[in-house]
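Visitor: I am new to this structure and should like to learn how to read it. Would you guide me through some of its features?

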Amino acid sequence: MKENESNLRQQITDLSKTLKLPSIRKTLQDTTQEAVCHSWSYEQFLFTLLQNEDAHREENRKKAHVKRAGFPQYKYLQELNREELPDDVRIVLPELETLEFIKNAQNIVLAGNPGTGKTHIAIGLGINACKMGYNVLFTSIPQLLTQIRECRSARTLHQLELKFIKYDLVICDEFGYVSFNKDGAEALFNHLSLRTGRKATIITTNLAFDRWKEIFGDPILTAAMVDRLTHKAYLINMNGDSFRMKETQKWIKNKRI
C-alpha cells in the first residue's frame, strides 16, 4: 500500500513538472498530511493545491512586473521615516498610496533639493503599482533622451512611442540635472506629451518650475511643458533637510563616541 502511495506521489510530481505546476509539487506532501489530519474531502484537497499554485503564480507575476520596471534599486515606502519628510508630501502620501492617481491618469511632480526622498517615494509608489498589476517604467531623463536618439537613428521611434504610451505609470527621474539642446528639448516634450491625459507620470526634479527654462532653453517650450505636466497633477514641494546629510552627520557623531 505504501509503495503504491509512493508511486502515485511520484507520478503526481512528474505530472506537475509536465504541466508546469511547481507549487503543487512543492506543497503536495504537506498538503496531503494536512488533508489526512483534518479529514478533508477530495474537493477541499484539490482546491487547496490549486489555491497554493495560484498564489505562487500571482507572487511571480508581481516579481516580474517589478523586474521589468527597471528600478535602479528597490526602495519601499514603509522604509521611510515619515516624520522627517517635508510637510507637503507627508500630508498627501496616504492619498498617493491608494494609487488612484494612476486610475485617473494624473501626474505627480516631486520638486525640491537633493536628498529629501523624491526618488525613494517615486520608486516606492512604482513598486506598489507593480504589485497591483500595473505596468511601470522607471527611467532617468538622460537615459530616456539617449533611448529616443537611438530609436530615431534606427528609425524605430514610432515603436518606442507606442510602447511608452502603454505604460500605466512612467517615472522620470533626475529632471533638471542635465540640460539639453533644442532637439533634445523638443524630443522630450513630444514624448511626455503623448501621455498627457491618458496615463500617469511621476517627475522628480531639483528645479522649481520657474527654472525649467534653464534646461529647455526655450521659454515657450518650457511653458508648454509645465502646462501639460501640471494639469490636474500633484505638485509636491520636497524642499527640506537632506536625509543623506543627516545620515552622514549621525555616522560622524557615532565615530567620535
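Guide: The following turns take up the annotation, the cysteines, the salt bridges and one helix.

Guide: This is a predicted model, in which local features need pLDDT of at least 70 and side-chain atom pairs count only at pLDDT 80 or more, while totals for chains, interfaces and linings use all residues. Residues are numbered from 1 along each chain as its sequence is written, and side-chain values use heavy atoms, with hydrogens and water left out.

Visitor: Which residues does UniProt list for "domain: AAA+ ATPase"?

Guide: UniProt positions are given in the numbering used here, with feature names shortened, and annotations may be inferred rather than shown by experiment. In this case an unreviewed UniProt entry lists residues 104-239 under that name. Helices (H or I, at least four residues) and strands (E, at least two) are DSSP runs, numbered from the N terminus. Over residues 104-239, helix accounts for 48% of the chain and strand for 19%, and the end C-alpha atoms lie 26 Å apart.

Visitor: How many disulfides are there?

Guide: In general, a disulfide is a covalent bond between the sulfur atoms of two cysteines. The rule applied here asks for a pair of cysteine sulfur atoms within 2.5 Å, and by this rule the count is zero. C130, for example, is in no disulfide, and the nearest cysteine sulfur, that of C172, is 15 Å away.

Visitor: Is C130 buried or exposed?

Guide: The terms rest on relative accessible area: buried means under 20%, exposed over 50%, and partly exposed in between, with a 1.4 Å probe and protein chains only. C130 has a relative accessible area of 0% and is buried. C37, at 59%, is exposed.

Visitor: How many salt bridges are counted?

Guide: A salt bridge is a side-chain nitrogen of Lys or Arg within 4 Å of a carboxyl oxygen of Asp or Glu. By this rule there are six salt bridges. One of them joins E53 to R57, with the closest N and O atoms 3.2 Å apart. Another is formed by the side chains of E58 and R61, at 2.7 Å from N to O.

Visitor: Why are E53 and R57 separated by about one helical turn?

Guide: An α-helix has 3.6 residues a turn, so residues three or four places apart point the same way. E53 and R57 are about one turn apart because they stand four residues apart in helix α3 (residues 42-69). E58 and R61, three residues apart in α3, are likewise separated by about one helical turn. E53 is buried at 4% relative accessibility, whereas R57 is partly exposed at 37%.

Visitor: Which parts of the chain does the pair K199 and D168 link?

Guide: K199 forms a salt bridge with D168, the closest N and O atoms being 3.5 Å apart. This pair links distant parts of the chain, 31 residues apart: K199 is in the loop between α9 (182-193) and β4 (200-205), and D168 is in the loop between α8 (157-166) and β3 (169-175). K199 is partly exposed at 23%, while D168 is buried at 17%.

Visitor: What covers the buried residues of α9?

Guide: The buried residues of α9 include G184, A187, L188 and F189. With contact meaning heavy atoms within 4.5 Å, the elements that cover them include α7 (141-153), α8, β3 and β4.
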